[in-house]
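User: I am new to this structure and would like a close look at one part of it. Please start with the lining of the largest pocket, by residue class, and then carry on to the core.

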Amino acid sequence: MTETVTHAELRVDSCEAEVRVNDFSIMRLGGGRQSVESQPVPEYLIAGENLMEVLVYTEGGMFQARLVEFQLGAFTGSGGNDRIALSNGRERGTTQLAGDLARWAWQDCGQLPLSGQTVRDVVELVRSIHAAFVLRNPEPIVAASSIWNQELAIAYPERTAEYFSGQMAHDLVSDANHPAWRVAPLVESEFALRLCAGGRLVECVDVNGLPLVRSYLGMVPDFLLGMRVGFYQGCYRILR
């Protein structure tokens, strides 16, 4: 079992910024959101060169970002072993990681055009996932995410794929009986599908960068299903 875990961290002051690792959006802070965050990212790392970028959306202000290794169980936010450190004037950096990392399914997906049949197929998957969520039925969502959950068990070996599948099923509908629970409607005019993972996956977000499939308790976000969809083993699947 690995004794360290790698995090992406971002701190913003008077600006809005997004951290991306290997062309995956990890977090976006500022602009009314929180100003500090640390997230584990083993499932986005690859053997060889890894890229971290910060996209700044507002002028002025400052940011600091790190790709950093912590000992398991350590407090995040300071310390650790920096692999990449970024701040104003240096918005991207790379680091080489050992060749014993897993090869992920998304790495073997072909590049996708964000047009035509690809968009139609991805939107159809979004509709089916959304319909299952409205019906409080997590099974089709967990099935479409099966490879993702298997790979989470590789990235975090202290847990099993069954654990991650069960946790997803629980989180999807844990608040569904609350009278204020609701699933956000799909408004296709507000879809803003975008490519990620080097063009291999389609990230399913709206014009505000929010996941298309999400629930609320009243006006408060409850569950956000971040869907990055790729064509793998003959069909479109949620791979991250």
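Analyst: Happy to help! The lining of the largest pocket has 21 nonpolar, seven polar and ten charged residues. Here Ala, Val, Leu, Ile, Met, Phe, Trp, Tyr, Cys and Pro count as nonpolar, Asp, Glu, Lys and Arg as charged, and the others, including Gly, as polar. Please keep in mind that this is a predicted model: local features need pLDDT of at least 70 and side-chain atom pairs pLDDT 80 or more, while totals for chains, interfaces and linings use all residues. Residues are numbered from 1 along each chain as its sequence is written, and side-chain values use heavy atoms, without hydrogens or water.

A pocket is an open set of points on a 1 Å grid over the protein atoms alone, where a 1.4 Å probe fits, with protein on both sides within 12 Å along at least five of seven lines; lining residues have an atom within 4 Å of a point. The largest pocket holds about 1,300 Å³, the volume being the space filled by probe spheres set on points joined across faces, edges and corners. Of its 38 lining residues, Ile 26, Gln 39, Leu 224, Gly 226 and Arg 228 lie nearest the centre. Two or more lining residues come from each of strand 3, strand 4 (36-40), helix 3 (146-155), helix 4 (161-173) and strand 13 (220-225). These elements are DSSP runs numbered from the N terminus: helices (H or I) of at least four residues and strands (E) of at least two.

Ile 26 turns up again in the largest nonpolar core, where it is among the residues with the most contacts, as are Ile 129 and Met 227; this core has 69 residues. Its largest share, seven residues, comes from helix 1 (residues 116-134). Such a core joins buried Ala, Val, Leu, Ile, Met, Phe, Trp, Tyr and Cys residues through side-chain atoms within 4.5 Å. Buried means under 20% relative accessible area, exposed over 50% and partly exposed in between, with a 1.4 Å probe and protein chains only.

In helix 1, the buried residues include Leu 125, Val 126 and Ile 129. Met 227 touches those three, and also Val 202 and Ile 238, among others, leaving aside residues up to four places away in sequence; contact means heavy atoms within 4.5 Å.

Finally, Asp 23 sits in the loop between strand 2 and strand 3 (24-29). Asp 23 has a positive phi of about 70 degrees without being a glycine, and is partly exposed at 25% relative accessible area.
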